[in-house]
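User: I'm new to reading protein models and would like a close look at one part of this one. Could you pick a helix and walk me through what surrounds it?

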Amino acid sequence: MAMNASDIERLIKEALPDAHVEIRDLAGDGDHYAANVVSSSFRGKSRVQQHQMIYAALKGRMGGELHALALQTSAPED
């Protein structure tokens, strides 16, 4: 079963309430998305740690309901 973009955005915002999230469906199939996430929670974190925070927010759906998610993460500029 595929996931829709609004569910991905909701899960990320539940975990990172201040996040600005943009989701794009890359293939039109509900399985391949790109996400751009900007959150102050990423300050001081490595890129790997930032991505791990997103994967944790998705609560195990990666590899199941959600096949692929290309991530761009960053902290907001001051």
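Analyst: Let's start with helix α1, which covers residues 5–15 and lies across β1 and β2, running at about 155° to β1. Keep in mind that this is a predicted model.

What does the helix lie on? The sheet here is open and has three strands in the order β1-β2-β3, with mixed pairing. Its edge strands are β1 (20–25) and β3 (68–74), each of which pairs on one side only. On average, neighbouring strands of the sheet are turned by 15° against each other, direction ignored. As a bit of background, strands in a sheet pair through backbone hydrogen bonds, and they can do so parallel or antiparallel. In this model β1 and β2 (residues 32–38) run antiparallel, with six bridges joining them. Within that pair, V21 stands opposite V37 in β2. There's a second helix on the sheet as well: α2 (residues 47–57) touches β2 and β3, and its direction makes about 125° with that of β3.

Now for the greasy part. The largest nonpolar core has 17 residues, and I8, I12, V37, I54, L58, L66 and L69 are the ones with the most contacts inside it. Helix α1 is a contributor here: α1, β1, β2 and β3 each supply at least two residues of this core. To see how things meet, try V37: leaving aside neighbours within four places in sequence, its contacts include I12, V21, F42 and I54. L66 is another good one to click on, and you'll find it in the loop between α2 and β3. Because its relative accessibility is 0%, L66 counts as buried. Not counting residues up to four places away in sequence, L66 touches M3, I8, D31, Y33, L58 and R61.

Helix α2 joins in too. Its buried residues are Q50, H51, I54 and A57. These cover an arc of only 115° around the axis, so they sit on the same side of α2. That buried set packs against α1, β2 and β3, while the face turned away from it carries the exposed residues V48 and A56.

Back on α1, have a look at the charged side chains. R10 makes a salt bridge with D7, with the closest N and O atoms 3.8 Å apart. Both lie in helix α1, three residues apart, about one turn of the helix. R10 also meets E14 in a salt bridge, at 3.0 Å from N to O. E14 and R10 are four residues apart in α1, so about one helical turn separates them. The general rule is handy: an α-helix has 3.6 residues a turn, so residues three or four places apart point the same way.

How open are these residues to the outside? D7 is partly exposed because its relative accessible area is 26%. R10, at 40%, therefore counts as partly exposed, and E14 is partly exposed too, at 44%.

One more link reaches out of the helix: the side chains of K59 and E14 meet in a salt bridge of 3.6 Å, N to O. This pair ties distant parts of the chain together, with K59 in the loop between α2 and β3 and E14 in helix α1, 45 residues apart. K59 comes just after α2 and takes a positive phi of about 50°. With a relative accessible area of 55%, K59 is exposed. Put together, D7, R10, E14 and K59 are linked in a network of salt bridges.

How values were computed. Residues are numbered from 1 along each chain as its sequence is written. This is a predicted model: local features need pLDDT of at least 70, side-chain atom pairs count only at pLDDT 80 or more; totals for chains, interfaces and linings use all residues. Side-chain values use heavy atoms; hydrogens and water are left out. Two strands pair if DSSP finds at least two bridges between them. Axes are lines fitted to C-alpha atoms, for helices over the stretch in contact, and angles run from 0 to 180 degrees between N-to-C directions. Contact means heavy atoms within 4.5 Å. Buried means under 20% relative accessible area, exposed over 50%, partly exposed in between (1.4 Å probe, protein chains only). The arc is that of the directions from the helix axis to the C-beta atoms. A nonpolar core is a set of buried Ala, Val, Leu, Ile, Met, Phe, Trp, Tyr and Cys residues joined through side-chain atoms within 4.5 Å. A salt bridge is a side-chain nitrogen of Lys or Arg within 4 Å of a carboxyl oxygen of Asp or Glu.
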